[in-house]
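Got your viewer open and a free hand for the mouse? Let's take a short walk through this model, one selection at a time.

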Amino acid sequence: MPAQSTLSSDEKTKVKAAVNSPANKIFTAALARIYYAYPKPDEWSYTGLQGALAFVKDTQGVFYLKLVDLAGTRGIIWEHELYEGFEYNQDRSFFHSFAGDVCASVSSPVAHH
């Protein structure tokens, strides 16, 4: 079955609540998992984090990627600031990578069955 990236109405409600919309602007959100390349920069490992990855602009005008827990009630479980000079790569249609503070990070759609 193909990967699904569209959020349900309930999932969209969870994202809006966690991100504090409309105070913070949500541009888009999709189902995703977070991977990292550490300590080996050429080997991806799953972090165990999955949920809705939202592209957000906060009240101070700073852009972020924020991962919202959709399975529980933990709210934002991961975030990454999109700082000046941020470099983003779309390695495949479902695989996006960028440098983090310690290692490379990546998001990919979560498959739903």
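**Start at the helix**

Select helix α1 together with strands β1 (25–37), β2 (45–57), β3 (63–68) and β4 (76–81): the buried residues of α1 pack against these four strands. Helices here are DSSP runs of H or I with at least four residues, strands are runs of E with at least two, and both are numbered from the N terminus. Before going on, know that this is a predicted model, where local features need pLDDT of at least 70, side-chain atom pairs count only at pLDDT 80 or more, and totals for chains, interfaces and linings use all residues. Residues are numbered from 1 along each chain as its sequence is written, and side-chain values use heavy atoms, with hydrogens and water left out.

Now zoom in on α1, residues 9–19, and pick out Glu11, Val15 and Val19, its buried residues. Buried means under 20% relative accessible area, exposed means over 50%, and partly exposed lies in between (1.4 Å probe, protein chains only). Look down the helix axis: these buried residues line one face of α1, because they fall within an arc of 60 degrees, taken from the directions from the axis to the C-beta atoms.

Spin to the other side of α1, and you'll meet Ser9, Asp10, Thr13 and Ala17, which are exposed. Next, click asparagine 20, just after α1: it has a positive phi of about 65 degrees.

Finally, zoom out. How many helices and strands does the chain have? You should find one helix and seven strands, running α-β-β-β-β-β-β-β from the N terminus. Of the 113 residues in the chain, 35% are buried.

Note on methods:
Contact means heavy atoms within 4.5 Å.
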